[in-house]
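Reader: Could you take me through one spot in this protein up close, and then show how it sits in the whole chain? Start with the charges, please.

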Amino acid sequence: MFFVKENGRTIPVADKVFALSGGAKAAIAKKGKDAVVNATVGALLDDNGDLVVMSSVTEAIRSLTPADYAEYAPITGTPAFKEAVVKALFGNYGPSGHVRLCVTPGGTGSLTSVIQNYSNYGDSVLTHDWCWANYKNIAISQGRKFKTFRFFNEDGVFDAEDLEKQLGELAAVQDQVVLLINTPAHNPTGYSLSLDDWDKMIAVLNRATCNVVLFLDIAYIDYAGEEDEVRAFIPKLDGLKDHVLTIFGYSASKTLTAYGMRLGAIVCMSKNEEVVEEFRRAAEYAARSTWSNCNRSAMVTMGKIYSDPELRAKVDEERKIYRDMLLERGRIFEKTLNDNGVKCVPFTAGFFVTIACDNPDEIGKKLEEQDIFCLALAKGIRVSIASVSKEKCVKCAEAIAALLK
Ligand code: PLP
């Protein structure tokens, strides 16, 4: 006898990434760390394969009081946390409009909230064809449909034309479209929209014949490159017309390497104060009716870091060391692939690199036979360079190139 209602979802026996990572861990237990490449995990590991935990963040956590853990937090977040998110998100490109935000359990919660509040049941949510698989799950779980545009054209260039086409199709049947864009350091490709891509996308959105809620998933922004450079797109958002609303999905999981603390935020920016107030009301309601309020101790930690210049400088410096480590892994991985005659899907920076291929499951299995664990996607192989050393990046890139030749 079965009781679960699938409700349009395809619920797997096990989460693919966690199952694969379990396989890699079993191989490590049998053959040792050095013999296995576990490039499945979406978390930053150092060259020894240990989770990166920033000591400066730990220092902030240790200074918390029992009440910081025990007390309920305000539904939209503590005031210090909210100030911290604005600083962390906008950096030197301070918001040019009104801003309201609501704490969420990780960046994941911000996706749930935006879909719940800005699309109707049965509407399609639009995103790029290469995307974090959970986008679809979150949309379908809330009774929405899922539509994609081609992220890159045949020349490997951001496909603004296909975005316009797919958006136009939805505009014919919906009055509003939630468009999920993951940049910079997109999962799974590592691509960051260039400023030229941004101009093209803004022109497309301004021509749209329906409202567009542009949801910018910036989960990986702090690992995408130099702080100002990766935020240089923010002033461009001022060029969006009134029928386009900008909402950001922020994740402290990555920024503070604190995945387990489940801290993130949904942030709305508009020149129109009524629009951000409407957002606040809806975000608060969505929070209360799904996860209620979030982890207070995580909020207090982030508030402390961003209100103490000395502590913040320590966190920034420490993160830079790890960011540089990650950027170097990316360069080495891409170069090794290229030297072996294989190109990846356009890559800029971040936790992942993806190699397109016709038979990802088969390639994934063959890699596993060599104790190299990578995620087989529908159209390629995703390698988490965040979780393997430079040496293992080289080994993995060479093995993939050999199999693809
Ligand atoms: N967005 C993308 C593209 C991700 O890959 C992830 C996590 O892997 C998230 C958002 C959300 O992460 P979290 O909920 O841990 O903040």
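Author: Sure, charges first: the protein chain carries 47 positive and 53 negative ones, and their mean positions lie 4 Å apart. Here Lys and Arg count as positive and Asp and Glu as negative, with His and the chain ends not counted; each charge is placed at NZ of Lys, CZ of Arg, CG of Asp or CD of Glu.

A quick word on the ground rules. This is a predicted model, where local features need pLDDT of at least 70, side-chain atom pairs count only at pLDDT 80 or more, and totals for chains, interfaces and linings use all residues. Residues are numbered from 1 along each chain as its sequence is written, and side-chain values use heavy atoms, leaving out hydrogens and water.

Now the close look: threonine 78. You'll find threonine 78 in the loop between α3 (66-70) and α4 (79-90); helices are DSSP runs of H or I with at least four residues, strands are E runs of at least two, and both are numbered from the N terminus. Threonine 78 is buried, at a relative accessible area of 9% (buried is under 20%, exposed over 50%, partly exposed in between, with a 1.4 Å probe and protein chains only). Setting aside neighbours within four places in sequence, threonine 78 touches Arg296 and Met299, a contact being heavy atoms within 4.5 Å.

Zooming out, 54% of the 405 residues of the protein chain count as buried. Of the chain's contacts with a separation of 6 or more, 74% come from residues 24 or more positions apart. The protein chain has 15 helices and twelve strands, and its C-alpha trace spans about 55 × 55 × 55 Å along the principal axes.
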